[in-house]
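Biologist: I am new to reading protein models, and I would like to learn by asking. Could you walk me through this one?

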Amino acid sequence: MKRAKKTKKVTAKKSTNKAKNLAIGTGGSIAVEKCQVCNSKDLKSILFLGYLPPVNTMPAVGTQPKEQPSYPAEMLQCEKCQLVQIGCVVDPEILFPPSYPYTSGTTKILRENFAELYREVMSLYPLTPKDLVVDVGSNDGTLLSNFHLGGHKVLGIEPTNAGKIARKNGIDTMTAFFNKKAAKAAVAKKGKASIVTAANVFAHIEDVHSIVEGIASMLKDDGIFISESHYLVSLLETVQYDTIYHEHLRYYSVTALKYLLESHGLEIIHVKKIPTHGGSVRVYAAKKGKRTVRPTVQQVLNAEKTQISEGSLRRFRDKVVQSKTGLHALLNDIKKRGEKVYAVGAPSRASTLINYVGLDDGIIDCVLEIQGSYKIGKYVPGTTIPVLEESKLVTDQPAYALLLSWHIASELIPKLTAKGFRGKFIVPLPNPRIVSSATEVSHVEAAAA
Ligand SMILES: [Zn+2]
């Protein structure tokens with residue numbers, strides 16, 4: 001979650017030089033009429049979640065509700081390159097108001113993932129101390145620290161203050177928004193890279209072609225590019241419609257990534273599914289013909305033919321609707337008994353769930369965030385549900401805690417129980433249900449990974 005925030009900043013800055021085919025008018029948004037990757041006009045609708053407010057527009061608690069814009073949240077699929085994308089691009093100036101704070105730091109699951117990435121790279125493509133590893137959108141240097149400790153040369157490229165933390169830890173980091181110019185500067189500084197990494201960069205940045213072009217220009221002839229993206233198949237299988245909001249412009253399958261990378265002379269050589277962000281995909285690519293293509297590539301591409309078929313997209317839509325009516329039914333029973341529900345966690349995805357399902361402050365009293373969160377003292381977008389400090393869960397002991405970061409429920413439940421919460425938990429997705437312990441949810445997370 002935290003790591004994704006950094007890439008949002010990149011998008012915010014990019015609003016000054018908007019992508020050619022996405023010139024946003026004064027109305028603040030533009031309908032996507034052409035595929036963002038292949039320019040095809042053959043886009044079909046998968047799902048429409050209604051109109052959603054910008055996730056970072058959060059008025060202070062106590063202020064009178066004022067007019068607030070909402071934007072259509074429709075998921076479209078390109079018939080030509082298979083890319084799934086949001087149907088409306090909102091001006092980053094609106095999505096990231098000046099008050100939008102940057103918070104650094106990475107979660108346990110991300111740290112473990114990057115340590116595992118290092119181990120996988122060293123076993124598949126062993127590096128020597130001479131090899132350079134460049135991370136695009138390097139944040140606080142968590143990913144690179146593994147390579148740095150392993151004795152390899154590293155360079156981070158990061159536009160936000162998080163780069164300071166990396167430098168303090170000895171990770172050489174350039175302060176820059178990534179583009180072709182930054183790529184050139186990186187090569188001038190350190191030479192060409194054996195490995196370039198980019199985790200959660202492709203979903204947010206408007207002009208994805210210039211990013212891939214810049215990355216390709218930094219690679220040695222036999223260099224390898226490793227990207228990590230939230231995986232469309234996980235999104236569909238575990239009904240993660242709540243990851244659909246306007247900051248996420250694209251939802252990648254390996255099929256769509258193949259089209260994007262090939263248009264810049266890159267070939268996918270290895271694919272691995274990883275558990276971050278509720279199910280992501282790690283894709284290795286190299287210049288065409290320079291590296292052996294592993295069987296994992298064809299296996300995943302074959303599987304996607306059925307996983308992203310018309311039938312599975314229709315079933316996904318049905319499951320989204322069922323999850324909404326199911327959550328209503330479950331909450332209806334609780335409210336009839338006069339019991340209280342507090343929600344826990346206000347990530348961006350919580351705003352989509354709350355607005356799509358239509359929860360208000362009569363159904364859930366508040367959303368709780370850990371101490372120090374900038375969201376405390378504000379209303380959830382589009383509602384008058386206040387965001388309050390998490391300690392309230394233990395002092396008030398409501399009957400239920402609704403987990404809005406449900407994709408890490410098995411990590412959250414023991415934590416909240418250890419802090420002294422004695423009530424039950426509501427896990428809203430994929431199937432809304434009430435659980436008492438982490439063991440009841442772990443199998444669902446395993447499916448998402
Ligand atoms: Zn396309």
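Modeller: Gladly! Let's start with helix H4, residues 142–149, whose buried residues are Thr-142, Leu-143, Leu-144, Asn-146 and Phe-147. Keep in mind that this is a predicted model.

Biologist: What covers the buried residues of H4?

Modeller: The cover includes helix H3 (108–124) together with strands E6, E7 and E9. Just past the helix, H4 is followed by Gly-151, which has a positive phi near 90°.

Biologist: Can we look at one residue of H3? Is Phe-114 buried or exposed?

Modeller: Phe-114, which lies in helix H3, has a relative accessible area of 0%, so the residue is buried. The cut-off behind that word is under 20%. Now compare sequence with space: Phe-114 and Phe-147 are 33 residues apart along the chain, while their C-alpha atoms are 9.8 Å apart.

Biologist: How much of the whole chain is buried?

Modeller: Buried residues make up 57% of the 449 residues in the protein chain. The chain has 15 helices and 19 strands. Among contacts with a separation of 6 or more, 71% are between residues 24 or more positions apart.

Biologist: Now the sheets, please. In what order do the seven strands of the open sheet stand?

Modeller: To read a sheet, list its strands in the order they stand side by side, then ask how they pair. Here the order is E8-E7-E6-E9-E10-E13-E12, and the pairing is mixed. Strand E8 (173–175) and strand E12 (266–274) are at the edges with a single partner strand each, so one side of each has no neighbour in the sheet. From one strand to the next, the twist averages 20°.

Biologist: How many bridges join strand E6 to strand E7?

Modeller: Five bridges join E6 (residues 132–136) and E7 (residues 153–158), and the two strands run parallel. To see one pair up close, find Val-133, whose bridge partner in E7 is Val-154.

Biologist: Which helices lie across this sheet?

Modeller: Two to look for are H6 and H7. Helix H6 (residues 180–190) lies across E6, E7 and E8, at about 155° to E7. Helix H7 (residues 208–218) lies across E6, E7, E9, E10, E12 and E13, and runs at about 145° to E10.

Biologist: Could you show me a residue in E10?

Modeller: Try Ser-229, found in strand E10. Ser-229 counts as buried because its relative accessibility is 5%. Leaving aside neighbours within four places in sequence, Ser-229 is in contact with Asn-200, Phe-202, Tyr-252, Leu-257, Ser-280 and Val-281.

Biologist: What about the sheet of four strands?

Modeller: That one is also open, with the order E2-E3-E4-E11 and antiparallel pairing. Its edge strands are E2 (43–52) and E11 (250–251), each pairing on one side only. Strand E4 (residues 84–86) and E11 pair over two bridges in the antiparallel sense. Val-84 stands opposite Tyr-251 in E11. Helix H11 (residues 310–336) packs on this sheet and touches E2 and strand E3 (71–78), with its direction at about 15° to that of E2.

Biologist: How do I describe two helices that pack together?

Modeller: Two packed helices are described by the angle between their axes and the distance between the axes. For H11 and helix H12 (residues 348–357), the axes come within 10 Å and cross at roughly 75°. These two helices are therefore roughly perpendicular to each other. Where they meet, Val-320, Val-321, Lys-324, Leu-327 and His-328 of H11 face Leu-353, Tyr-356 and Val-357 of H12 as contacts.

Biologist: Finally, which residues are the protein donors of the zinc ion?

Modeller: They are Cys-35, Cys-38, Cys-78 and Cys-81, each through its SG atom, at 2.2 to 2.3 Å from the ion. Along the chain, the donors follow the spacing C-x2-C-x39-C-x2-C. Cys-35 is in the loop between strand E1 (29–31) and E2, and Cys-78 is in strand E3, so to speak a link between distant parts of the chain, 43 residues apart. Both Cys-35 and Cys-78 are buried.

Biologist: Why is the zinc arrangement called tetrahedral?

Modeller: The general idea is an ideal angle of 109.5 degrees for four tetrahedral donors. Around this zinc ion, the four donor atoms subtend angles of 99 to 115°, which makes the arrangement tetrahedral.

Definitions and conventions. Residues are numbered from 1 along each chain as its sequence is written. This is a predicted model: local features need pLDDT of at least 70, side-chain atom pairs count only at pLDDT 80 or more; totals for chains, interfaces and linings use all residues. Side-chain values use heavy atoms; hydrogens and water are left out. Two strands pair if DSSP finds at least two bridges between them. Contact means heavy atoms within 4.5 Å. Axes are lines fitted to C-alpha atoms, for helices over the stretch in contact, and angles run from 0 to 180 degrees between N-to-C directions. Donors are N, O and S atoms within 2.8 Å of the metal (3.2 Å for Na, K and Ca); water is not among the atoms, so sites may look incomplete. Four donors count as tetrahedral if all angles lie between 85 and 135 degrees; four count as square planar and six as octahedral if opposite donors are over 155 degrees apart and all others between 65 and 115; anything else is irregular. Buried means under 20% relative accessible area, exposed over 50%, partly exposed in between (1.4 Å probe, protein chains only). Angles under 35 degrees count as roughly parallel, over 145 as roughly antiparallel, 65 to 115 as roughly perpendicular and the rest as oblique.
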